[in-house]
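Q: Could we go through this structure together, feature by feature, so that I learn how to read each one?

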Amino acid sequence: MRKAAAALLLLTAACAGGDNTSPALGGGTLVIATGGDPNSLLPPLVGTTQGRQVTDLVYDRLASLGDSLNTLGDGGFIPQLAQSWTWAHDSLSIAFHLNPRAKWHDGVPVTSSDVRFTLGAYRDSSLQSTAAALISSIDSVSAPDSVTAVVWFHSRAPEQFYNATDQMSIIPEHIWKKIPIASWRSSDQANHPIGSGQFRFASWKQGESVTLVADTGNYRGRPKLDRIIWSIAPDFNAALARFLGGETDFFEAIRADAVAQAQSNPNLKLVAFQGIDYSFLQFNLRDPRNPAKPNRLFADRELRRALTMAVDRNSIVRSVYDSLAEPALAGSLRAYPTADRSVPPIPFDIAAAGAKLDSLGWRDSNGDSIREKNGHDLAFNILVPSSSKARTRMAVLIQEQLRRVGVTVGIEPVEFPVFSDRSDKSDYDAEINSIHADPSPSGARQDWATAGIKGGNNTGSYSNPVFDALVDSATAAYDPAARNTLFRKAYRVINDDAPAIWLAEPKAMVGVQRRIHVTGLRPDAWWQHIADWWIPAKERIARDASGAVTTDPAKKNP
Amino acid sequence: MLSLLVSRGLQSALIVALVVTFSFLLIHSAPGDPFAGALDNPRVNPAIRANLRAQYGLDRPLPEQYVKYVAQLARGNLGWSFSRGRSVRAVLGDVLPRTLLLMATALVASFLIGVGVATVQVSRRGSALDGFLDRASLFLASMPDFWLAILILLAFSYWIPFFSIGGAVDPVVHDMLPPYARFFDSLWHLILPAVTLTLLYASGIARFQRGALLDVMPLDFIRTARSKGLRERQILLHHAMRNALLTLITLIGLSFPALLTGAVFIEKVFAWPGMGLAMVGAIGARDYPLVIGCVIVGSVLVVLGSLLADLLYRWADPRLRQL
């Protein structure tokens, strides 16, 4: 009945004058189930995944990161607005040669002046762009002619190309220069983006949907889909029901407990790919009540190692994720070229953990099954966000496993904003955190090095000068082999120091209706190749009929 | 009448002012970072979040923030929603009509059904039908609203795929439709959430109204009507019903806050993009201005509901007009 109603509505639309004839090169509608609205559609202000998904398709960069996630030099980068580039001999500047066919969606050509304008916008303090700090190595942009943008750097650095290209989406000067920058955030234009990407913005109905349509005259080629719609459903179960019921085509975050249900549906397929998330139980090495003092428990490296030994990470991963995750690597990800799978994790060995705790003076002297030392029980709390079922389950399993060696663990489930606030303030004994990592392994500096303690993500205050030096050297290395060696040495150091119990590296799992042919899911951004996804003409359904739009004035919009 | 309106208007303004103050203090006292959930970029570190807090003045002392908020509220400015990147007024302009549509539909339908069911029960007092309707209304009235909503969603959207699973319109086709088809598309999506809300409130209304009618039926004027030879149906609909209206009016006054609360759960389950859903999201995101904006609108609706009930009392009961 629902399908009949949808078909009837579409028939009505067709009768009302819509052109349902799909172009020969492409066609079809992809409906993506998503949990919320974008926080903004203006690239310098985008902070959420939903916002990135939309703006990455509407706007272009000079070049984008390749599937290998190489951030060193320009290897593997895919040209977007810049069809080629030339490095200066001293590497202090890169001349990007823009594609002369590139146009904004309103038909105005993209010029080097837009690149210069974009840099100024990202840096403007009134915008408070989260990317401003990431492009601090750029000195300026000059525009010797309309299709050449020269990016000048303060100093050369291994990731200078990555910072100059992947961190900035180019925005149109002719649109934004008319609006005072302090008013951008609240301007109507911010919700009606005009970009140069292969999809152009059609509509954003807050709480309902965001719609993009194919830009058929795009300089990078016509996308194979006509239309992409993000259908917003904040409730996970409602979103899942929509997907299972065929109302949406793509579900970006299938959880382990929903896999069997999705697998049993013959119209659906599940696609797993390497993700860039990992979770861990982080110890706070400072006293949460007085950060000037070391933590009475976790400042002791050997105690952290003993607790790690007592936790069976493999069984936790199997229990929580089944086969959809692997045990996490120390401070690293399998997707990184620097990853070292040969680093032996601290082994799971309850007897050895017990012996180590005994040797550290933590013994059960009063027979209450809890170890004590100097009159204090070996007890601590784990902070978890209640919104994450996986992390809550892991906390429960860790609680039980540590109970067996005489450690009392309390679990503090709190709302995500509270979790984040307390984590930022290091207001916890231990927390189960998860990092959606940066494509660059140098993100370890912010996450685990001393530099990340103040203003970074190293809220557990782990600090080891050897680790810091290795990460700094690796980040500054130009030679990939040397970089890999240095990072791998750093991973061994942090593995041995056990500032965290490394728990799970989940595989990213998406659900797709079978008629959608998916190509290339980049670990950090599955949507990057969405312009190449396609729906065979014979498999298209009623909702695949739609109209694409062109910026090419020579072609008439359907 | 004028003095009543002026007096109730002043009382209402005081109530709304108190609601604004308490909600401002409560939401700002709740632990949590407004920029935690909204920014999942791995490179957005605590320092950047601190800058954002400073940009919105959240690093200032609470009394200073309160005075600033009240001053801007006095100018009709409800503030800026952090989580939605728009003014609170614009957000409410989008979501409030949808909630009002849902509430109004449910309100009218639940009163019609509730009163109808009560009338049937009283006219067939003691029959099997009366017993069945009594147990059914008790069952529905005692069902948690979110549970009933999930059951209805699963039953009519998934197991028997008759209706769309959530949303206010079909995002795929709605914009391509002519106006009349858009209307039917919206209506189609309204049915399940409105039916759920209606079932929840109709059952309560039926039970109250049945009690009110049963209280009226033994009174002298009913006996007089019977002795004059009027038919039972006429007595029930023309005499008893009119005198049992006061209960109904009380229920109208009470139904506004109840419907608003119920709409929060219903909107969440059916992904109905109304004020309830916006408020739930805003609380989770610690979007202070949007939370307070929703609370203000909610309190104004409740106050208006109460005022409407007062006016209806005076219309229905001539004794009150003498006071």
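Q: How much space lies in the second largest cavity?
A: A cavity is a place where a probe fits but cannot get out. In this predicted model, the second largest cavity holds about 250 Å³ of space, and the count of cavities of 30 Å³ or more comes to five.

Q: Which residues lie nearest the centre of the second largest cavity, and how does its lining divide into nonpolar, polar and charged residues?
A: The lining is made of 21 residues, and those nearest the centre are Asn39(A), Leu45(A), Arg185(A), Tyr56(B) and Phe82(B). Sorted by character, the lining of this second largest cavity has 12 nonpolar residues, seven polar ones and two charged ones.

Q: Turning to the surface, which residues make the nonpolar patch, and which helix gives the most to it?
A: The patch covers about 430 Å² and is made by Phe146(B), Trp147(B), Ile150(B), Leu151(B) and Phe265(B). Helix H6 of chain B, which runs over residues 145-159, gives the most, with four residues.

Q: Why is Trp147(B) called partly exposed?
A: The term is used for values between the cut-offs for buried, under 20%, and exposed, over 50%. Trp147(B), which is found in helix H6 of chain B, is called partly exposed because its relative accessible area is 46%.

Q: What does the secondary structure of chain B come to, and what share of its residues count as buried?
A: Chain B has 13 helices and two strands, and 49% of its 323 residues count as buried. Along its principal axes, the C-alpha trace of chain B spans about 85 × 55 × 40 Å.

Technical notes: Residues are numbered from 1 along each chain as its sequence is written. Chains are lettered from A and ligands numbered from 1 in the order in which they are written. This is a predicted model: local features need pLDDT of at least 70, side-chain atom pairs count only at pLDDT 80 or more; totals for chains, interfaces and linings use all residues. Side-chain values use heavy atoms; hydrogens and water are left out. Patches are made of residues with over 30% relative accessible area and no salt bridge: like charges are joined within 9 Å, nonpolar side chains (Val, Leu, Ile, Met, Phe, Trp, Tyr) within 5 Å. Accessible areas come from the Shrake-Rupley method with a 1.4 Å probe; for residues, only the protein chains shown count as cover. A salt bridge is a side-chain nitrogen of Lys or Arg within 4 Å of a carboxyl oxygen of Asp or Glu. Buried means under 20% relative accessible area, exposed over 50%, partly exposed in between (1.4 Å probe, protein chains only). On a 1 Å grid over the protein atoms alone, a cavity is a set of points where a 1.4 Å probe fits but cannot get out, and a pocket is an open set with protein on both sides within 12 Å along at least five of seven lines; lining residues have an atom within 4 Å of a point. Grid points are joined across faces, edges and corners, and a volume is the space filled by probe spheres set on the points. Ala, Val, Leu, Ile, Met, Phe, Trp, Tyr, Cys and Pro count as nonpolar, Asp, Glu, Lys and Arg as charged, and the others, Gly among them, as polar.
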